[in-house]
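This report concerns a single structural model and considers its nonpolar packing and its charged side-chain pairs.

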Amino acid sequence: MARLDGNMASFNIGRGGFAFTGARFEKLAGTATDFTLVTIAVDVSTSVGPFKNDLISMLKTAVGACQKNPRSENILVRVILFSDRFDKGASEMHGFKPLVDINVDDYNSIKTGGMTPLNDACFSAVGATNKYAEEMRKRDFGSNAIFFIVTDGGENASVSTMDMLKKEMAKALQSEQLESLISILIGVNTDQYDATLKD
């Protein structure tokens with residue numbers, strides 16, 4: 001879990017023990033009325049180990065692209081790593097935070113190893129976005145969301161079920177918390193795992 005500071009608050013996703021952090025709403029007041037919630041979930045299991053440097057570069061490029069967006073002050077980014085080495089399958093590098101507060105060199109610390117809890121990562125991404133958007137709505141902030149899931153697709157270690165994930169996705173799509181939602185899968189090692197990624 002990311003270290004909390006005075007600018008971040010902690011939240012829980014339902015009763016499953018999943019938690020996340022996000023910028024304190026009083027820190028966002030006066031900066032914008034609507035935000036894009038970006039979650040980047042990066043597979044750091046053993047099977048992607050040979051691509052670690054590419055993963056770090058991709059993360060830096062993705063955040064850098066957000067920083068160049070004309071509406072960059074309206075973007076909050078959350079980065080999670082997933083492997084069964086982490087409690088509940090995912091470790092938050094940082095929660096939803098403004099781009100100006102992100103130091104991309106922190107991503108250099110990524111280490112790989114373990115199995116692939118893909119369902120847990122997706123559940124954390126969708127669940128945290130749903131909860132944070134709900135809390136934002138209560139405070140009259142609008143929000144939309146983008147998920148980037150970076151993986152070779154080899155699910156083999158989740159505690160979350162596909163049914164749990166489907167319900168959380170349905171909640172994201174059917175509730176009025178989010179104005180829009182885009183989900184993007186970025187395949188790693190597609191030569192070997194193309195069929196798995198398609199599934």
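The account below takes up the nonpolar cores and then the salt bridges.

**Nonpolar cores**

The model is predicted. In its largest nonpolar core there are 33 residues, and the members that touch the most others are Leu28, Leu76, Tyr132 and Met136. Two or more residues are contributed to this core by each of the strands β1 (8–13), β2 (18–23), β3 (34–43), β4 (75–82) and β6 (142–151), and by each of the helices α1 (25–28), α3 (118–138) and α4 (162–174). Helix α3 supplies the largest share, 10 residues.

The surroundings of Tyr132 may be listed in detail. Leaving aside residues up to four places away in sequence, Tyr132 touches Phe11, Phe20, Gly22, Ala23, Phe25, Leu28, Leu37, Leu76 and Phe96. Two of these partners, Leu28 and Leu76, are themselves named with Tyr132 among the members that touch the most others. Another core, of 22 residues, lies apart from the largest one; Leu55, Val63, Cys66 and Leu81 are among its members. As a general tendency, nonpolar side chains in soluble globular proteins are buried together.

**Salt bridges**

Nine salt bridges are present in the structure. Three of them are set out in the table.

| Pair | Closest N to O distance | Location |
|---|---|---|
| Lys60 and Asp105 | 3.5 Å | helix α2; loop between β5 and α3 |
| Glu135 and Lys131 | 3.1 Å | both in helix α3 |
| Lys138 and Glu134 | 3.9 Å | both in helix α3 |

The pair Lys60 and Asp105 links distant parts of the chain, the two residues being 45 residues apart. Lys60 belongs to helix α2 (residues 52–68), while Asp105 belongs to the loop between β5 (90–98) and α3. Both are partly exposed: the relative accessible area is 26% for Lys60 and 47% for Asp105.

The other two pairs have a local arrangement within helix α3. Glu135 and Lys131 are four residues apart, about one turn of the helix, and Lys138 and Glu134 have that spacing as well. Which of these residues are buried, and which are exposed? Glu135 has a relative accessible area of 10% and therefore counts as buried, since the limit for that class is under 20%. Lys131, at 24%, is partly exposed. Lys138 reaches 56% and so counts as exposed, the threshold being over 50%, whereas Glu134, at 22%, is partly exposed.

These four residues do not stand as isolated pairs: Lys131, Glu134, Glu135 and Lys138 are joined with Arg139 in a network of salt bridges. In general, side chains of opposite charge can pair when their charged atoms come close.

Notes
Residues numbered from 1 in each chain as written. Predicted model: local features only at pLDDT ≥ 70, side-chain atom pairs only at ≥ 80, totals over all residues. Heavy atoms only, no water. Core = buried A, V, L, I, M, F, W, Y, C linked by side-chain atoms within 4.5 Å. Buried < 20%, exposed > 50% of the residue type's maximum accessible area, 1.4 Å probe, protein only. Contact = heavy atoms within 4.5 Å. Salt bridge = Lys/Arg side-chain N within 4 Å of Asp/Glu carboxyl O.
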